[in-house]
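Me: I have a structure here and would like to go through it by asking what lies behind each descriptive term. Please set each value against the rule that applies, and then conclude.

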Amino acid sequence: MNKLIVSSSPHIKTKHDTPRIMLDVIIALLPALIAGVVIYGIRALLVVATCVVSSVVAEFLFNLITKKEQTVFDLSAIITGLILALSLRADAPIWQCVIGSVFAIVVVKCLFGGLGCNFANPAATGRVFLLICFSSTLAGGSLPLITSNPDLVAGATPLPQIAAGAELPSLLDMFLGLRGGSIGESCILALLIGFVYLVARKVINFEVPLIMVATVFVLSLIVGGDVNVALYQVLAGGLVFGAVFMATDYVTTPITRVGKMIFAFGCGLITFLIRMYGNYPEGVSFAILFMNIISPYIEQWTKPRALGKRGNK
Amino acid sequence: MSKLGKIKLPHRKHTAEMKDSRIPTPSVVVLPMSQYIGAPAIPIVKVGQTVCVGTKVAEADGKVSAAIHSPVSGTVKKVGDFLLANGKSCQAITIESDGEMTMDPGITPPTVTNAEELCQAIRESGLVGLGGAGFPTANKLENAISKNIDTIIVNGAECEPYITVDNRTMIDGAENVVKGVKIIEEYIPGPQQIIVAIENNKPIAIKKMTEAFAGDPKVKVVALPSEYPQGAEKTLVYTLLGRVIPDGKLPSDVGCVMFNVTSVAFFAHYLETGIPYVWRTLTVDGSAVKSPKNVTAPIGTSLRDILTFCDADFDNLGKVLYGGPMMGIAAYDLDAPIYKNTNALLALSKAESLPKKQYPCIHCGKCVAHCPMGLNPTAFVKAMKIESKDERAEALQSANVLSCIDCGSCSYVCPSRRPLVENNKLAKNDLRATLASKKN
């Protein structure tokens, strides 16, 4: 007798599985990685390699020790390491990179139940953790190797420069990333390539990064009254990087489309508030972290309305 | 009017160009009494009794039910218990065929002069909705007459992959579709318009239907985008008319009634011949079928007979499905019969049937974005983890689980391959059971 396989419908599934989505995110991060290495030198690669390897090894060992199913092959740990590294400066001390990665993976992700269960973005939280613990070595950004402006102050990034009223790199240099900053955050061009790729692959909706960036731009314009300053606010710091790669994280943002949009607006608003009125020159990771916390509530407020409950006009 | 969640599926309509071929008369047919939505029919034959093609062997039980007729001539071998593919059990009549296919001498075309007689005739024919759900057609006709109906929708969307039965009806049986629509126009006076809805991946059918109805100002042939689940009743009514069918209501509650196009063609055939609904045309396809075909077979023919006729690779059978790949039910036994509403039989290879690796839910929201009914399947997953029966029921109800139409879109798009539809089905049964126990 033939033994038939019996299971619930549907009997066909999409090819776009979770590892494929993770791979797409990794591919989308590559332009920023390459740009970072070109702009800040080969030391950047060491930071990236350290973060990626420590993230994967941390997850592997955590699963081994706690006798959980091995999950490193879903590629998500690589993304955490990659995003964390790209948000650090190229001369970050290696041991601090290791601590940040292990913190992001073990404390933020694995202890909450692994992929899909963490409430906060591991990379954003890891970065905030490092920034607070090691501000003496990790604040600001490293100096670019290639620049059109030789008078740039070592270690200074444009945001504190805006705050101090110092001379700024040109908008084009800002767009290309020829300025002080973190490895993956500076080259806006590379980030846009990644953004377009993710949208084209339908991994992310274009609205979230757009709303977050637009919120910062509009608020800066209203309060500052200067288009140029507002543009610097958009191009400087980790805004575009965070908007494309952290605020679009599935796990830690609301599940509905409207919810995601509210989340993006909140990220933009808090980023603006911290940058404008706070002590920290940069607010993107803090903003995302705060919005992660209220994400479940946004989801509650934006439940989809069932077709049968919509009523006839 | 907001756009409903839809998905793009591979079409795989390999049999779209193929006319149906008749299967050789099977030696045995098995007729389960529950082949549709509604109360199971009641057997009215005894073991040893001889029957002909079209002899009524089971009577409808109450209002929402359908009579069952013998599709072959021969002898009743068994009337006994039977386990359906959906896990429920009912009685079944087994008839051994004499190979003669002798027609019941009592068969004559019914006399129809008004709406009531049309309903009565269709009730006698045993017809159920042929699109898949299998709601007794006579009940729909009664709604169309008694309720305030302004639109009749003839559903030729056929949005599931592989299936081309309705497509062939519209091409080979265009004449019967036209006659069927004429019957509706003649006996059901209410409707001002009749819409024939077809997905745009069936250009020949659209052309045929447009030509066939060119002279009829009441009939509109509408080509719809090929997006799943375009043909689902509630979403199709919304797409065509912008009307929302409230939960727990029928299309007739919002002024329309929907018939599957092959059901409509059967009206004409039945009024002309009086032969009840005993033969089923179905698409036989899938990776384990060497010669995909549209097959016309007696209802009750075994899956084995049909798959043999289509040269299936029996050594490489993984799953055999009643219906399309999105909503089809997996058969557990090759000797089980096809039902009145079996519009396709798909045999999938072992490689295609084995479960794929699952990952944890990453909260991507694709299931929410693509749900045609505006639901959040992950909310049902969370609700089902609640231990208290009452709290669980409350959570499921507030998430509108009963709105789910089992279309399969959520599971299809899920990158982590979560068993969402399976959970939806369990959740619906769980909630219904809790609600029923509260009533008692």
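Me: What makes the crossing of H13(A) and H14(A) right-handed?

Reply: In this predicted model, a crossing is given that name when the near helix is turned clockwise from the far one, and the crossing of H13(A) with H14(A) is right-handed in that sense. The two helices, residues 257-277 and residues 284-301 of chain A, have axes that come within 8 Å and cross at roughly 145°.

Me: How do you know which residues of H13(A) and H14(A) meet?

Reply: Contact means heavy atoms within 4.5 Å, and on the H13(A) side the residues that meet H14(A) include Gly259(A), Phe263(A), Cys267(A), Ile270(A) and Ile274(A). From H14(A) the contact takes, among them, Val284(A), Ala287(A), Met291(A), Ser295(A) and Ile298(A). By class, the residues of this contact divide into 12 nonpolar, five polar and one charged.

Me: Why is Ala287(A) called buried or exposed?

Reply: Ala287(A), placed in helix H14 of chain A, has a relative accessibility of 0% and therefore counts as buried, the cut-off for that word being under 20%. Leaving aside residues up to four places away in sequence, Ala287(A) touches Cys267(A), Ile270(A), Thr271(A) and Ile274(A). The C-alpha atom of Ala287(A) is separated by 40 Å from that of Pro10(A), which is 277 residues apart from it along the chain.

Me: What does H13(A) do with H10(A), and what is the hand of that crossing?

Reply: Helix H10, residues 207-224 of chain A, has an axis that comes within 8 Å of the axis of H13(A), and the two cross at roughly 35°. H10(A) passes H13(A) in a right-handed crossing, and their contact has 14 nonpolar, four polar and four charged residues.

Me: How do you know how much area chain A and chain B bury between them?

Reply: Buried area is the accessible area that two parts lose on being put together, summed over both, and for chain A and chain B this is about 4300 Å², with 58% of it on carbon and sulfur atoms. The contact takes 43 residues from chain A and 65 residues from chain B. On the chain A side, His11(A), Ile12(A) and Leu307(A) supply 17% of the area buried against chain B, more than any other three residues.

Me: What makes S1 and S16 of chain B edge strands?

Reply: Each of them pairs on one side only, and two strands pair if there are at least two bridges between them. The sheet is open, with six strands in the order S1-S14-S13-S17-S15-S16, and its pairing is mixed. For S16(B), residues 329-330, the partner is S15(B), to which two bridges join it in the antiparallel sense, with Leu321(B) standing opposite Ala330(B). The hairpin of S15(B) and S16(B) has six residues between the strands, and there Gly323(B) takes a positive phi near 100°.

Me: What makes the pairing of the six-stranded sheet mixed?

Reply: S15(B) and S17(B), residues 344-349, run antiparallel and are joined by five bridges, Leu317(B) having Ser349(B) as its bridge partner. S13(B), residues 279-285, and S17(B) run parallel, with three bridges between them, and Asp285(B) stands opposite Leu346(B). Helix H3(B), residues 165-172, packs on this sheet by touching S13 and S14, and its direction makes about 120° with that of S13(B).

Me: Why is S15(B) described as mostly covered?

Reply: A residue is buried when its relative accessible area is under 20%, and in S15(B), residues 317-322, six of the six residues are buried.

Me: Which residues of H6(B) are buried, and what do they pack against?

Reply: In H6(B), residues 233-241, the buried residues are Thr235(B), Leu236(B), Val237(B), Tyr238(B) and Leu240(B). They pack against S9, S10, S11 and S12 of chain B, and just after the helix Gly242(B) takes a positive phi of about 70°.

Me: How do you know that S4(B) and S7(B) pair?

Reply: Pairing needs at least two bridges, and S4(B) and S7(B) have two, in the antiparallel sense, with Val51(B) opposite Gly74(B). Both belong to an open sheet of four strands in the order S2-S8-S7-S4, where S2 and S4 are the edge strands.

Definitions and conventions
Residues are numbered from 1 along each chain as its sequence is written. Chains are lettered from A and ligands numbered from 1 in the order in which they are written. This is a predicted model: local features need pLDDT of at least 70, side-chain atom pairs count only at pLDDT 80 or more; totals for chains, interfaces and linings use all residues. Side-chain values use heavy atoms; hydrogens and water are left out. Axes are lines fitted to C-alpha atoms, for helices over the stretch in contact, and angles run from 0 to 180 degrees between N-to-C directions. Ala, Val, Leu, Ile, Met, Phe, Trp, Tyr, Cys and Pro count as nonpolar, Asp, Glu, Lys and Arg as charged, and the others, Gly among them, as polar. Buried means under 20% relative accessible area, exposed over 50%, partly exposed in between (1.4 Å probe, protein chains only). Buried area is the accessible area (1.4 Å probe) that two parts lose on being put together, summed over both.
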